[in-house]
Every structure is written in C-alpha cells, then in structure tokens.
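Student: I would like to learn how to read a few features from a set of coordinates. Can we start with cysteines?

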Amino acid sequence: MQMPVVNDARRLIRILCGVARNPSVPMDAVRRLLRLPAAAEQIARRRVDITDDLAQAIVDLGDVRAAESLGNNDHLPTGVRWRLVTHPEPSVRASAARHAIPERVRPGCEVPAAMLTRLAEDPDPQVRARVAEHASTPEDVRARLAADVDPTVRRTIAEWWKDAPESVRRSLLTDVDADVRAAALSPWHPPPPPDLHAVLLADEFTRHLTLPHVRLAPALAAELAASPDDRVRAALAIHPDLPASTREKLTQDSDPLVRIRLVQNPTTPEAVRVRILASLEAEEGQANRFIIPYFLRNAWRDKASLGWLWEAPLDERLAYLDSPHAFFREAVAASPGLPRQAIDRLLADPDIEVRRIAAKTHDAPAQILEQLVRDHGDTMHIRPLLVERPNFPRAAFADFAVSELPRLRRLALCDKDLPANLVDLLTSDPEPHVRRAAAEHPNLTVGCLPALLTDDDLDVVEAAAAAPLLPADWINRLLTQAEL
C-alpha cells in the first residue's frame, strides 16, 4: 500500500498536526516536528508522554503559544510543570496553575499547593487570578488573594471561592469594585448576610442578585417593578413573594425574559401563565424566536430560574409531574432522589426532552435507552450520553452503523468494540463528522488511511494522521517532504 501524494501545503500541515499527537510516533520524529509551530503546539498540549527533555526543547523554542500549551496539558508531570513557574512570560506562568477537571489529571501530574502558593505572589495579576480559581489553592493563600490590589484577582476569588469564611465574603460583598461584589453573589453562592441586604439592594450592580434573598414587601415590589434595569425586573418576576398587583404589571413588561421569569414563578396562577405564554408566542421578531425557546427549554439547568424546583421537597416536585408545561417536568426530571414510579412516568412523558433528561439523570431500562436514541438521537453536549450508560444494549451499535440516519451512524462509533469492517465502512460516509469519528476509532484498519488522508475535510485528514497505525515510513516521508 502506497502513501497518497500530498501536494497541498495546508493539507500537509494538518497531517503533520495529527502526526504530532499520534501516540505511536517515535520521539525522534516528535522532535523533528517541533520545528513546525502548529505541530509544536499540538505536541505541547495533547501528548501524554512529555519528558523533561522534550519539555525543555519546547520551552527553548521561544514560542510563547507552545509554552502556554505545555502548561495546559493535563498530563504534564508535576516536575516538568515547575519549570514553567519561572518563565519570563506571564501567560506561561499562568498556564502552570491550570485548573483541570480532576478526573482528567493522572497521578503525578497534579498542580501542588506549594506551586500555587508561589504563583500567588507573582507580580502579574493574570497569574494570581489563575491561582485564585484553582481548587487546590490553600485557604490562607485564597484569603490573601481576596485582598489583592488588583480587582481582577479579587473578582476571580469571589466567583470561585463559594464557601469562603464569612469575614472574607463580607469583604468581597462590600468591595469597592462592582464586578467583585457581583461575583460574590451568584446563585451558586450562599445567601448574603441579612444585615447587608439593604446595602446590596441599594447598589445598582448587586440589586438583581440580592433580590432573591430578601423578603419582598409590597412597597419594595412596586419600586423595583419600575426599575429601568431588566435584570432587576426579571429577578422580581420570579420572586415567590411577588404581590398580585405587581405581577399584573409585569405581565405587560417590554422585556420577554421578565415575562418568562413570571411564567416560571411557582406562585403565578395557571391562567396567568397560559396568557403570558400565548402573548410571547404571538410576538414576532428574530430575538423572540431565539429568547423564548432558549430560556424556557434550558430552564431545567438554570439555578436562577428553576433552581427553586430542584431544591423543593419531594412532594412539591412530584406535583409538577402533572404540569402542562414541559419545562417544569424537565426540571423535575433533572432533580435527584425521585421514586421509581415518578422516574417511569417521566420516561413515558409525551415530550422527548423530558424523557431524555430523565434517562440521562436516572436509571432507565435498556430498551427505553435504545428507543430514545433510535427515534431521537442523543445530545452530544450533555454527558453522560445515553449510549454511554452501562446498560445500553451493545448489539444496537451494529444496526446504527448501517442506518440511513447520519446521527445514528455517528453514534455507532461511540462503541469502541465496533467491528473493523463497520468502522471501515463509515470512513467513506457522506457526512464529514462521521468520517472523522471513524478515523479516530481504535478499530480503524490501515487500508482506509489513503482515502482519509486525501479527504476533502481537513478535520478528517488530521484525525487520520493521528491514528496509531499510521506507517512509520509514511511519517518519515512526510517529515522529509516538509523539510523537517
């Protein structure tokens, strides 16, 4: 089998970027690839076999983006990471304090507390801000950063340190910088101290974030309903103490989000809710066609809108199983601790999104998982995927591979045990995203590589070049062609 001819410079660069992260490429070839900046970034960011010598070679390139990529590699050994702490570029030192998802960090690749303590004293605020957001930063270091001279650092601490001691939190809530005060008041933070309510309500930057935590007197409600700030009126609209007279005024609000929040308020009478929804649907305009579905159908994961339903007692949550509105049933489906009877009912809901959320959140029978995927696909951006559930029937993947539907053919490749003949079949799929997934599959055979490397889609090309079965003589010829 011959290597395909590569005459296009862009294609050659993309192939070499794939080779750069190919786990089977020998280290001497990796070092040759460092001379190509795009490939050097791939090596620094994505390889799992970074050694001391290779890391030093990357730093010695003098390429700041490559050095940053090295710090952002979740598999970078801690000893190598220490080398970045003294780099002259602040962005590289900041990358040394990368806050990775814990599950992605292998033993020996952690960011140690001693490193974070040292970087917390860095003269550049972007470095200190990166330390401020790291989960492993010691509390005493965080406390010092909460009093940092730079508001960006204080804002980062305020945003990420949700269980800060009361003295620190009070300091952040009364900070001279408005962004810092607001960052300390997200829906994911504990309620602010009651004695600060008046001060925070008087502040135009924190009023809308404080409103959910205060008792709402009629006079205050009337005052806030006249606020020119849409965020204040939206927070008011979902407040459980909302007086009926203020509610009626807000039904005519010019901002669609204010009326959507009113719809989501548990105290809104159903007749009023239906009337508001009808008026929203009747309105024309591109903005409303986006805003209304987005804020209604994504409310199940938005603490600011339906967070109250997640936290409600079980009996109250179960009452919303009878709601005619799918967004309420979605929020119930996403909530924990539901009894089996409620889960089964949600899995049989007439709305597909309710069924899908219930299946992703709770135990669902294998036949229901398969039917959901067959009929409606999967939501690739919300993990776990339905096809990743332990009880998903493995036999379904072979059927998906020969389906007429591209979404099912793509999902077939989620099965790492999919037979090689089916993987090879999918390398010639009409859909580029399917071909790319096939190129990344562990059961890909070498005979498919020539077609993949000459594919019209360069993402497919790069994925094929990263395949471990890429012949060694091809790699050498490609490096020679690129004069590396």
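Tutor: Start with Cys414, keeping in mind that the model is predicted. The closest cysteine sulfur to that of Cys414 belongs to Cys448 and is 19 Å away, too far for a bond.

Student: What kind of bond is at issue, and how many disulfides does the structure hold?

Tutor: A disulfide is a covalent bond linking the sulfur atoms of two cysteines. Here the count is zero.

Student: Are Cys17 and Cys414 buried, exposed or partly exposed?

Tutor: Buried means under 20% relative accessible area. Cys17 has 7% relative accessibility, so it counts as buried. Cys414 has a relative accessible area of 22% and is partly exposed.

Student: Which residues of helix α34 are buried?

Tutor: In α34, residues 472-481, they are Trp474, Ile475, Leu478 and Leu479. Viewed down the helix axis, the buried residues of α34 fall within an arc of 135 degrees, so they line one face.

Student: What do those buried residues pack against?

Tutor: Their partners are α1 (9-20), α2 (27-33) and α32 (449-453). Just after α34 comes Glu483, with a positive phi of about 60 degrees.

Student: Where does Glu330 lie, and is it buried or exposed?

Tutor: Glu330 is part of helix α24, residues 326-333. With a relative accessible area of 0%, Glu330 is buried.

Student: With which side chain does the Glu330 side chain make a polar contact?

Tutor: With that of Arg297, at 2.4 Å. Leaving aside residues up to four places away in sequence, Glu330 touches Leu296, Arg297, Trp300, Asp351, Glu353, Val354 and Ile357.

Technical notes. Residues numbered from 1 in each chain as written. Predicted model: local features only at pLDDT ≥ 70, side-chain atom pairs only at ≥ 80, totals over all residues. Heavy atoms only, no water. Buried < 20%, exposed > 50% of the residue type's maximum accessible area, 1.4 Å probe, protein only. Helix = DSSP H or I, 4+ residues; strand = E, 2+ residues; numbered from the N terminus. Arc of directions from axis to C-beta. Contact = heavy atoms within 4.5 Å. Disulfide = S-S within 2.5 Å. Polar contact = N/O pair within 3.5 Å; in protein donor to acceptor, adjacent residues only side chain to side chain.
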